[in-house]
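Q: Please take a close look at one part of this protein and describe how it is put together. I would like the sheets, the helices packed on them, and then the boundary with the rest of the chain.

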Amino acid sequence: MAIPFVPRIDDAPYAEITQVSPLIQRVIAKNPSKFSYHGTGTYILGTNDVVVIDPGPKLDSHRDALRVALDGRNVVGIVVTHCHSDHSPLTEWLYGETGATRYAVGPHRVYAGFVEEDDHDASEDDPADAVESDEEKETTDLAFSPDAAVIDGEKFLSTKEFALTAVATPGHTSNHLCVSMDAEGALFTGDHVMGWSTTIVSPPDGDMRQYMDSMRKVIVRDDRILWPTHGGPVTDPQPFLIAYHEHRLERERQIVVQIANGNNTIPGIVKVLYAAIDKKLHRPARRSVWSHLRKLVDDGVVATDDGGEPRLLGSYHLVG
Ligand SMILES: [Zn+2]
C-alpha cells in the first residue's frame, strides 16, 4: 500500500513566518538534508500568548526569524518533541530570552542493549560514501532537559485560545512526544509521522517495537489534521496513518521472506529490499532492518544464528 504523501506546502522561503491556520504559524529553518527534507518547521501556536513547538537547529538565520515572529508576543511555553539536533537546540536561546517553561517527556536517552559494530566495507562502497559517516545517524542534543516533564495524556498547558495535551510516542526516540491542540483538532507529530517520508527508527536512538505501538496509538485517535516537523500537513490522517503503519508491517514481512530464502544477513537483506534507492542510504537502511530484526527476535519469529543479541553484522534464521 503506497503511503499517500501530500504535496508539500513548505516551499515558503526560509526564515519567513507563514500563517498556516487560524492559530498556527510556521517558520522553516534552512537546514535541508536527507533527514530533514526541506528543513525543520518550527510551529508558533496562538495570537498573543503563544507556544513554540521545536525551536529548531542552532542557525542564526532561524533564530533571527523566530525573534521577529515572536516580537511583542508573550511566549508561555516551549515544547520539544525530541532531542535530535534539528529540533531542540535553539530552545536554550529561546528560554534565555523568555524564561518560558520548557515541556518535554524528558532528556534524550538511548535504548539499551545495542552493540555497535563498524559495518563499513570499503570494497563495496562508492568512494563518495566515505565522507557520509557523520550524516548516517541523526545527531542528538544531549544538553536539553525540560523544566516540566509531561506524562502521556496530560493536558499540560492552556491559554485563552487552546489547550495542549501530551501524546507520548516513543520509538523514533525514547522521549518522543506528539502534542494535540484541541481548538483545531490538530496533532503536532514531530518526527513520529513525517509528511514526506517514512520515519527513521535506528538503534540506539530508536526502537521498532515501541514505534509500532506508538503508530497504533495515533491511528486510533481522531485528529483532523497532522502537522509534522518535516513536510506538509496531513489533512486526511486516517488513511495516511494506516498506510504508514502498513508500510512497516510490509517491510517486516519482506525481511522474514528474505531470511526464509537464506538471505540472512542485514547487508544482504538491504541489497535486495533497498535495491531501488540511492546506495548512499544503504547504511542507514541497515540500521532500520536491524531495528526490525530486534523486534522479530523479540517476537520469537526469528533467532540469531549464534544465540546472542541481534547484531548488525550477525546472521539470522526463522524459528520453527
Ligand atoms: Zn528526529
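A: The description below goes from the sheets to the helices and ends at the domain boundary. The model is predicted, and the part in question is domain 1, residues 17-248, with domain 2 covering 249-318.

One sheet is open and has seven strands in the order 1-2-3-4-5-6-7, with mixed pairing. Its edges are strand 1 (17-21) and strand 7 (148-149); each has a single partner strand, so one side of each lacks a neighbour in the sheet. At the strand 7 end, the pairing with strand 6 (residues 102-104) is parallel and runs over two bridges. One residue pair can be named here: A104 has A149 of strand 7 as its bridge partner.

Two helices pack on this sheet. Helix 1 (residues 60-70) touches strand 1, strand 2 (24-28), strand 3 (41-45), strand 4 (49-53) and strand 5 (74-79). The direction of helix 1 makes about 160 degrees with that of strand 2. Helix 2 (residues 91-98) touches strand 4, strand 5 and strand 6, and its direction makes about 150 degrees with that of strand 5. Strand 4 and strand 5 are therefore touched by both helices.

A further sheet is also open, with five strands in the order 8-9-10-11-12 and mixed pairing. Strand 8 (155-158) and strand 12 (225-228) are the edge strands, each pairing on one side only. Ignoring direction, neighbouring strands of this sheet are turned by 25 degrees against each other on average. Strand 8 is joined to strand 9 by a hairpin through four residues, and these strands pair in the antiparallel sense over three bridges. Strand 9 (residues 163-168) also pairs with strand 10 (residues 177-181), antiparallel again, over five bridges. T165 of strand 9 takes part in both pairings: K155 stands opposite T165, and T165 stands opposite S180 in strand 10.

Next come helix 3 (208-219) and helix 4 (237-260). Their axes come within 10 Å and cross at roughly 160 degrees, which makes helix 3 roughly antiparallel to helix 4. The crossing is left-handed. On the helix 3 side the contact consists of M212, M215, R216, V218 and I219, which meet L241, I242, Y244, H245 and R248 in helix 4. By class, these residues are seven nonpolar, one polar and two charged.

Helix 3 and helix 4 also lead to the boundary. Which elements give two or more residues to the side of domain 1 that touches domain 2? They are helix 3 and helix 4, and helix 4 gives the most, with four residues. In total, 20 residues of domain 1 are in contact with 22 residues of domain 2. The domain 1 side of that contact has six nonpolar, five polar and nine charged residues. The centres of domain 1 and domain 2, taken over C-alpha atoms, are separated by 27 Å.

How values were computed
Residues numbered from 1 in each chain as written. Predicted model: local features only at pLDDT ≥ 70, side-chain atom pairs only at ≥ 80, totals over all residues. Pairing = 2+ DSSP bridges. Contact = placed C-beta atoms within 7 Å. Axes fitted to C-alpha atoms, helices over the stretch in contact; angles between N-to-C directions. Domains from an automatic or database assignment. Nonpolar A, V, L, I, M, F, W, Y, C, P; charged D, E, K, R; others polar. Parallel < 35°, antiparallel > 145°, perpendicular 65-115°, else oblique. Left-handed = near helix turned anticlockwise from the far one by under 90°.
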